[in-house]
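Q: Hey, got a minute to look at this one with me? I'd like to go through a few helices and rings.

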Amino acid sequence: MRRMIPPGLGIGWRPEIAPFIDRRSDLRFVELLAENEDLRRPNHAVERLRERGLQVIPHGVSASFGSVDGYRPDSVRHLAGLARRYGSPLVSEHVAFVRAGGREAGHLIPVERTRAQLDVLVENVNRAQELLPVPIALENIAALFDWPGAELEPAEFLLELLQRTGALLLLDIANLHANAINTGADPLAFLRAFPRDRVAYLHVGGGHLENGIYHDSHLDPVDPAVFALIAKAAGLGPLPGLMLERDGDYPPELELQSELDRLAMAAGWAKPA
Amino acid sequence: MSEELRRRQAALLEALDHPSARDAVLPAERLAVQREALNRKRHRTMWRRLPRFRLALGEQRFNKLIVNWIAVEGWGSAKAFVQWLSEQPLEPAEARVVLRLRQQPGPWTARQRTTAGVMRAAGWGGWMLIW
């Protein structure tokens, strides 16, 4: 089994919680938002974590692999630069588009699940990989809507993308929960569809339900249903590294500790001392 | 097929920015939810976070921020951003900044080149400031 990030806890590195990350001794990896980093200015806090033995995964949001107009090579070069700086085992991005027709969405927009869209993604990802010194993992995003006229099931679409590009999967379990509510996608079918050796690592983040729509805010606690999904995924086979994404409204440190402890328990790993 | 997909992608982004767009692509209620979520999403977004900075920074520093963005991201991206900004509800001081930016004849003025050069030399990446 090829498992890029070994089992263990990780967290999205943010300056606001850097002291907490420094103190939490059982973390195995951090994920770094690539667009927040400037290669001309070393991030000393992250370098210290690297020296402590944590793996650092650059995570991009602006490559726009789903864009028919082409992806953004500069975003991928930036990921490559960060991977070299931190000796990263891989980088990650999203199955989404963020620009089209000269406009920027400002955030990740779901792609159509059509053959034409799949061809665009395959071409963009394959070209991007030529610029990268390490493998890339592609993340399933949380969607607020489904495009009409889908030709493939969600898992089928993503699996074919991985097969045709050789990319790995960054499986966001909270996004499976979001999509189950927002688009009716079956999270268990998704979990069962992927060979474990294609899953590089796992994301979870918090969200909330509002007027029947689940918002993957990363500002809320992790939903109990997401912990249950992690446990179900663990029941299907050993899990790779699992990390928490929190992007604001940071809770007191004890709450963050407790959330990470609960993730470790749901994954079937020993609770940290 | 790619042309049709290109059209749909562009139409969706236009409809998200302009509720009155004719080619809505998706049902109105779904568009409204997506539009609101985009506007609310405060993390990992560039443009949508700027109004917060605009209020916090004031006119002069906000203007510098835009100039810095032009330096890093290129004029095409900044122009589209300024167009988007001009369609938002703005305070009078903010509107003046946007109007000046819209009236610019081209990508660079001497002052912008100098400011951008200094900022670049100082290692201030556009994203670093914006995020």
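**Helices and rings**

A: Sure. This is a predicted model. Let's start with helix α2 of chain A, residues 44-51, whose buried residues are A:Ala45, A:Val46 and A:Leu49.

Q: Where do they sit around α2(A), on the same side or on opposite sides?

A: On the same side, because they cover an arc of only 95 degrees around the axis.

Q: And what do the buried residues of α2(A) pack against?

A: Quite a list, all in chain A: the strands β1 (9-13), β2 (27-33) and β3 (55-59), plus the helices α1 (18-23) and α3 (73-86).

Q: What follows α2(A)?

A: A:Gly53 does, and its phi is positive, near 105 degrees.

Q: Switching topic: at what angle do α8 and α9 of chain A pack?

A: About 30 degrees, with the axes of α8 (224-235) and α9 (253-266) 8 Å apart. Angles under 35 degrees count as roughly parallel, so α8(A) is roughly parallel to α9(A).

Q: Which residues meet there?

A: From α8(A) you have A:Phe227, A:Ile230, A:Ala231 and A:Ala234, and from α9(A) A:Glu259, A:Arg262, A:Leu263 and A:Ala266. By class, this contact has six nonpolar, two charged and no polar residues.

Q: Okay, rings now. How many aromatic pairs are there over all chains?

A: Four, from a search of the whole structure. One of them is A:Phe65 with A:Tyr71, a tilted pair at 5.8 Å centre to centre and 50 degrees between the planes.

Q: Is that A:Tyr71 buried or exposed?

A: Buried, with a relative accessible area of 14%. A:Phe65 counts as buried too, at 0%.

Methods
Residues are numbered from 1 along each chain as its sequence is written. Chains are lettered from A and ligands numbered from 1 in the order in which they are written. This is a predicted model: local features need pLDDT of at least 70, side-chain atom pairs count only at pLDDT 80 or more; totals for chains, interfaces and linings use all residues. Side-chain values use heavy atoms; hydrogens and water are left out. Buried means under 20% relative accessible area, exposed over 50%, partly exposed in between (1.4 Å probe, protein chains only). Helices (H or I, at least four residues) and strands (E, at least two) are DSSP runs, numbered from the N terminus. The arc is that of the directions from the helix axis to the C-beta atoms. Contact means heavy atoms within 4.5 Å. Axes are lines fitted to C-alpha atoms, for helices over the stretch in contact, and angles run from 0 to 180 degrees between N-to-C directions. Angles under 35 degrees count as roughly parallel, over 145 as roughly antiparallel, 65 to 115 as roughly perpendicular and the rest as oblique. Ala, Val, Leu, Ile, Met, Phe, Trp, Tyr, Cys and Pro count as nonpolar, Asp, Glu, Lys and Arg as charged, and the others, Gly among them, as polar. Rings of Phe, Tyr and Trp (its six-membered ring) pair if their centres lie within 6.5 Å; planes under 30 degrees apart count as stacked, over 60 as edge-to-face and the rest as tilted.
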